[in-house]
Amino acid sequence: MKLKYISILCAAMLLPVRVVAQNMLDERETSAVSAVTEDELEKNSAVNSYNMLYGLLPGLSVMQRVGYDANPNLILRGSEAPLILVDGYERSLEYIAASEIASVKVLKDGAATAIYGPRGSKGVVLVTTKRGNYESKEISINYTHGMDFPINQPEMADGYTYALARNEALYYDGLPLQYNQPMLDALRDGNYPDLFANTDWLDEGLRKHTVNNQLDIIFRGGGKKLRYFTALTYKNDFGILNDKYTKQERYNSQLRKYDLNLRMNLDIDLTPTTLVQWTMFGSIKERTRTKEYTSTVFPLFYNTPAAVYPVKTSSGKWGGDLIWNQNPIATMADKGYFKANPRALQADLRIRQDLSALTKGLSAELAIAYDNYAVYKEEGAKTYMYEVNTPTANIVTGGDFETATRTYGTDGALSVNCWGMTEQYVNAHAEGKINYERAFGKHAVNAAGIYRQEYWSSLGRNNTTKRLSFIGQAGYSFANKYMLDAVISYVGTSRLPKDRYRAYPALSAAWLISKENFMESAVDVIDFLKLRASWGQAGNDNIAYELDRAYWTSGSGYNYTDGCIGQEGLREDTPAMYDLTLERVNKYNVGLDLRLFKKLTFTADAYLHQYNDALIGVGNLYSSVYGISVPQSNIGKYKRQGFELSAEWNDQVNKHFSYYVGANISRAKTKVQENGEGFKDYPWMSAKGLPIGQIFGYEAIGYFNDQADIDNSPEQTFSAVRPGDVKYKDLNGDNIIDNRDIKAIGHSGSIPEWYGGLSLGFEYKGFGVDLLFQGAAGWTRQLNASSVYRPLRNNTNLSTWYLEKKVRWTEQTKDIANMPRLSTLDNANNYQTSTQWLENGNFLKLRNANIYYNLPKKWIAPMRMESCKIYVRGNNLFSLDHISYLNCEDMSLNYPDMFSLYAGINIKF
């Protein structure tokens with residue numbers, strides 16, 4: 001479902017997504033933090049926990065990626081890949097089920113991220129898992145059955161249409177036609193499938209839907225001294241490949257996932273002053289797929305024409321061709337399988353000791369954590385035989401085609417290779433902390449000193465990182481109205497070869513206006529009003545080792561002796577980088593928190609993040625002086641600035657009916673200030689002053705109509721041009737189209753400037769509905785998927801989009817064409833990045849719909865149930881966007897985009 005006028009997105013964002021952060025307004029908080037709680041997250045049945053975050057948290061843009069194991073791309077205030085911490089330690093969300101999560105917080109400004117020093121420049125996503133409760137006992141069982149349906153799939157041309165299009169392309173390439181009329185008749189009538197097939201590869205290779213299941217069994221409660229939360233989760237997911245082909249005698253190459261997770265969180269009051277918190281998490285996974293990666297298999301479904309050969313010939317052998325020699329179905333089913341078994345063990349222990357006996361308000365903490373991840377792999381490999389049928393004459397007496405048949409390859413036996421453990425990494429942390437918190441009349445102070453050690457290591461060379469941190473925190477509050485906090489982190493990182501320590505300070509302040517005497521008259525309207533301001537610094541030590549060293553590498557050979565025998569030599573590699581340092585960001589933030597009528601909550605933040613000393617990877621550039629590549633350099637400067645608005649109206653009308661409606665909208669405007677690009681001949685060639693990820697390309701101004709048009713136009717230097725090829729604008733007037741005519745076109749291709757979420761829902765007598773929308777605007781997509789948007793190029797396929805959705809250039813349509821001619825060649829001229837291939841990337845999606853019914857107490861009481869909820873949920877239900885075919889967020893030819901339906905039941909005892 002597409003939207004012609006995407007401006008509806010902006011209007012939708014201004015409506016009053018239920019962001020629980022607004023219900024959690026903290027009087028003492030002085031920094032910019034947004035949060036969402038378990039109640040919101042559990043409305044979504046997404047198998048991957050990353051997918052629960054769409055549109056929920058202001059400032060956090062969650063952009064979908066397409067792929068069987070793909071996680072969304074997280075962008076926090078314009079910075080990609082923020083730090084993710086689970087219970088305070090760097091861990092992946094892939095291992096966590098929604099049923100385990102108590103809250104997700106986004107730490108956005110300098111005051112909130114300074115404590116993380118060289119890991120905090122991109123912001124922090126802090127996930128907290130659930131824990132037990134005193135004097136309670138709860139057993140919860142949740143079962144969900146789901147199905148995924150492919151959506152946004154290109155419609156590829158049938159065999160007859162492909163042949164006509166290929167003939168047309170060959171004609172405009174000036175080459176002989178491939179199909180004569182008898183061949184076209186055979187393709188149309190389907191009389192000779194071995195020679196002229198009509199194979200719908202997507203229909204043959206994929207099922208109509210997939211199936212997945214999830215079961216959560218949770219024990220939560222506690223007594224007077226011990227509290228517990230234990231969760232056992234089992235998940236499976238069976239992929240979209242056609243079982244007709246994947247089930248072989250000795251193996252199954254279907255895409256499959258199995259997950260078994262066990263979490264145990266314990267809180268023990270050893271003494272009235274000693275608390276022990278123990279967390280243990282274990283995960284066993286199995287991943288199976290075809291021997292080839294999905295990124296290899298799925299493009300074959302799209303790029304292999306329907307006309308070239310059948311799945312199997314009449315003799316029962318796989319179909320094949322000397323050009324398209326990878327049969328998509330055979331590659332999927334008859335080359336073997338691949339299996340991976342990831343294992344994870346996470347454990348942490350924290351001891352909190354109240355030291356009030358020494359002085360009131362004093363306490364101490366000790367914590368250690370150890371995580372071990374390993375992956376065991378197994379591969380079964382084989383080869384297959386395929387048959388190539390070729391017509392040797394157009395048509396012979398009696399109307400039959402003469403056929404030459406040959407077989408290639410061998411039908412090899414399955415060879416199984418158990419690789420054992422191929423991946424492993426270990427995280428280890430140790431922390432000591434002293435806390436002091438006390439109030440003296442209207443004055444309240446708090447302070448903390450933290451010592452932290454971090455260790456991360458994986459297999460291989462230069463894959464170990466160590467950090468040592470000394471952190472000081474202090475806060476002051478007067479009358480609980482005026483608050484001031486300060487943080488300084490002094491952190492050393494092994495990623496720096498010398499001078500490894502850096503300091504990261506931060507200051508934040510808040511004024512709780514609603515507690516002022518002059519606000520007493522407004523107390524019935526304004527329940528809460530607070531102003532915040534902060535400044536802080538953070539860094540980024542995600543850099544490679546040995547940038548400060550220079551090496552020799554193999555060079556071009558030299559010929560010696562009378563026989564001119566070649567001998568390899570050595571040459572100097574990239575020079576060493578001197579004065580290596582860390583990227584540093586100064587973060588400024590001002591914010592406002594407001595609650596009105598005890599129903600409406602509102603937050604607003606404006607921010608400026610100034611990034612300096614960013615490491616610029618110019619190693620692929622060569623110096624004309626040295627004749628070798630240029631080393632990287634800490635010269636990058638970027639600016640990210642914007643604002644975030646969020647609001648929620650939550651009302652309980654009566655004991656039977658409640659509803660909510662809310663929205664959040666974020667703007668992240670990025671700017672490149674210094675990127676090491678060097679001198680540019682013309683100002684339009686420079687990326688400075690433009691957004692990060694800004695697309696650069698040529699301005700397409702039409703198509704060449706004839707040879708005279710080509711002769712009278714500037715020379716285009718990419719490939720030989722013919723009538724129907726794209727014509728580009730000569731920006732500098734030198735009568736040559738080259739890289740000096742490249743300019744900024746469209747917007748950023750990676751970071752949307754606008755992002756938002758809209759949610760609304762109600763509950764009436766146990767029946768409820770929740771809807772969650774997510775949208776983005778201010779970014780641009782490139783139509784560059786082979787076969788779909790770039791038809792027939794280099795022996796590929798073509799979609800009906802090119803034939804039906806657009807008007808391609810022909811001698812008959814030259815006056816109305818909006819696409820270049822068809823071509824079978826590489827035709828580099830037509831496929832330059834240009835305005836020809838840009839599309840508006842704005843979208844609005846219904847990410848989640850949740851319909852549920854809580855069974856009445858009188859129905860479930862005889863079964864000793866506390867509650868019983870049945871529900872139906874849908875994810876990724878529809879999209880209003882500008883992209884025909886493919887997912888507008890990730891336009892790769894890979895595992896299909898999916899629309900998901902779930903049915904489930906949740907029982908609590």
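## A tour from the core outwards

Select Leu60, Val104, Phe301 and Tyr789 to start: among the 98 residues of the largest nonpolar core, these touch the most other members. The model on screen is a predicted one. Nonpolar side chains tend to be buried together in soluble globular proteins.

Stay on leucine 60 and show its contacts. Setting aside neighbours within four places in sequence, leucine 60 is in contact with Leu53, Leu74, Ile75, Leu76, Val106, Val125 and Tyr755. Next, select Leu83, Val124, Leu126 and Ile450, which are among the 13 residues of a second, separate core.

Now go to threonine 824. This residue sits in the loop that runs between helix H11 (800-805) and strand S40 (838-840). Is threonine 824 buried or exposed? Its relative accessibility is 8%, under the 20% limit, so threonine 824 counts as buried. To see what is around threonine 824, select Arg166, Ala169, Leu170, Asp173 and Leu175, then Leu792, Arg793, Asn794 and Asn795; threonine 824 is in contact with each of these, its neighbours within four places in sequence being left aside.

Zoom out and colour by secondary structure: the protein has twelve helices and 43 strands. Along the principal axes, its C-alpha atoms fill a box of roughly 105 × 75 × 65 Å. The radius of gyration is 31 Å, which agrees with the value near 29 Å for a compact globule of 909 residues.

Finally, turn on the surface. About 40000 Å² is exposed, with carbon and sulfur atoms supplying 55% of it. Of the 909 residues, 53% are buried. Colour by charge to finish: the mean positions of the 98 positive and 99 negative charges lie 7 Å apart.

Conventions:
Residues numbered from 1 in each chain as written. Predicted model: local features only at pLDDT ≥ 70, side-chain atom pairs only at ≥ 80, totals over all residues. Heavy atoms only, no water. Core = buried A, V, L, I, M, F, W, Y, C linked by side-chain atoms within 4.5 Å. Buried < 20%, exposed > 50% of the residue type's maximum accessible area, 1.4 Å probe, protein only. Contact = heavy atoms within 4.5 Å. Helix = DSSP H or I, 4+ residues; strand = E, 2+ residues; numbered from the N terminus. Rg over C-alpha atoms; globule rule 2.2 N^0.38 Å. Areas by Shrake-Rupley, 256 points an atom, 1.4 Å probe, with all protein chains shown as cover. Lys, Arg positive; Asp, Glu negative; His and termini not counted. Charge placed at Lys NZ, Arg CZ, Asp CG, Glu CD.
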